[in-house]
Amino acid sequence: MLTLDMIYKAQHVLKEVIRSTDLIKAPKINPQADVYLKTENLQITGSFKVRGAYYKISQLTPEEREKGVIACSAGNHAQGVALAATKAGIKSLICLPDGAPISKVEATKSYGAEVCLVPGVYDDAYNKALQLRDEKGYTFIHPFDDEMVIAGQGTIGLELLEQLPDVDAVVVPIGGGGLISGVAFAIKSLNPKIKVYGVQAAGAPSMYNSINDGKIERLDSVSTIADGIAVKEPGENTFKLVNQYVDGVYTVTEDEISCAILSLIEQHKLIAEGAGAVPVAAVMFNKIPAIQGKKVVCLVSGGNVDVTILSRVIRRGLVKSGRASLLTIELVDKPGQLVGVSKIIADLGGNVTGVHHERADEGENISGCFLRIQLETRNFEHLEQIRTALKDAGFKVVDNA
């Protein structure tokens, strides 16, 4: 059974291994609140996961240590288990789906684990891990539904209260629920007045649905850029703890997550993966109604974003915030039209990044053409100012995206 003593013990065990991550002020995330970021994306291995994995492994019996540990993960948990086992001198085997990004496979190996690539998806790798556990006698290190793992994650709650004792609310990402269970239990045990809120991706709302319906529910599928919290079903332990200690669970969209990632890069020079950015997204877009005027901590849980998708995420964030758009303008094909459009945009401070000129289709005005302009603007208000000026000058703006 999870106790506060377990979390304090975990804090003592982890003291020489993990980093006590900084709490930094983030005034631009939401001007209506006093926002801080708990930077677990700067933790060793790039994620909070090493806390729970290391504490769990530290408590193994000599017999269990001799046989080694096994885990299943496509990301942060794998790296946490690998590092923790290597530091403890224990063999680790990590089952990964064979479609896992090469960068994550290599990172897991670099921390000293043996990797078993399993054909299929996460569930196939999970089943393979359980099979090998039973065959070889390994100890399975669950990514979230284990009380020692939860106690390790709960050490973040203790750190937060040391760093900001008068915090009003803490906003935490939820996948399977191990992180928020530990953080909420620690904080509420010491100060029940502090609010703890959870956030999930709208494309993977397993805990959100389960809490709202009062029972554990399994999703048929999940789809989100926040792959670290793309969990189909919460754990039994975590569901109970969230139900008891968490004040509300909310969801954010893919566009909102992308905007949060972009804001963290631009404003705070922090790289956050999708899962780590969901608390920031919830606070940015006022998804949590009770935080205005409060001291609020967003727990940025990890920074292991796959760089191959980062550019797409940034682009999506630019579009969502009105910083990048596509204007389509219907013109009469005669000299000087492009100059006229360009002058209006330049005079208003817009930046043209791409131009595509094409003739009108058959059946339309024979002298007509379309001008598609990729544009950088400050925000939606700036974009609308440019659109209005073009219309006032007699240009027909067809659409923008």
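**Exercise 1.** In this predicted model, list which residues Val297 touches, leaving aside those up to four places away in sequence, and then place Val297 within the nonpolar core.

*Solution.* Beginning with the contacts, Val297 touches Leu23, Tyr36, Lys38, Leu160, Leu164, Val167, Ala169, Val170 and Val171. Turning to the core, Val297 is among the residues with the most contacts inside the largest nonpolar core, which has 37 residues, and Leu2, Val170, Val172, Val183 and Ile187 are listed with it. The elements that give two or more residues to this core are H1, H7, strand S7 (169–173), helix H8 (178–190), helix H10 (236–245) and strand S10 (295–300), and of these H8 gives the most, with seven residues. A second, separate core has 34 residues, including Ile257, Ile261, Ala275 and Val280.

**Exercise 2.** Describe how helix H1 (residues 4–14) and helix H7 (residues 147–163) pack.

*Solution.* Two packed helices are described by the angle between their axes and by the distance between the axes. For H1 and H7 the angle is about 80 degrees, and the axes are 8 Å apart. Because angles of 65 to 115 degrees count as roughly perpendicular, H1 is roughly perpendicular to H7. The residues making the contact include Met6, Ile7 and Leu14 of H1 and Met148, Ala151 and Leu158 of H7, and by class the contact has eight nonpolar, four polar and two charged residues.

**Exercise 3.** Decide whether Ala324, in strand S11 (residues 324–332), is buried or exposed.

*Solution.* The relative accessibility of Ala324 is 3%, and since buried means under 20%, Ala324 counts as buried.

Key. Residues numbered from 1 in each chain as written. Predicted model: local features only at pLDDT ≥ 70, side-chain atom pairs only at ≥ 80, totals over all residues. Heavy atoms only, no water. Axes fitted to C-alpha atoms, helices over the stretch in contact; angles between N-to-C directions. Helix = DSSP H or I, 4+ residues; strand = E, 2+ residues; numbered from the N terminus. Parallel < 35°, antiparallel > 145°, perpendicular 65-115°, else oblique. Contact = heavy atoms within 4.5 Å. Nonpolar A, V, L, I, M, F, W, Y, C, P; charged D, E, K, R; others polar. Core = buried A, V, L, I, M, F, W, Y, C linked by side-chain atoms within 4.5 Å. Buried < 20%, exposed > 50% of the residue type's maximum accessible area, 1.4 Å probe, protein only.
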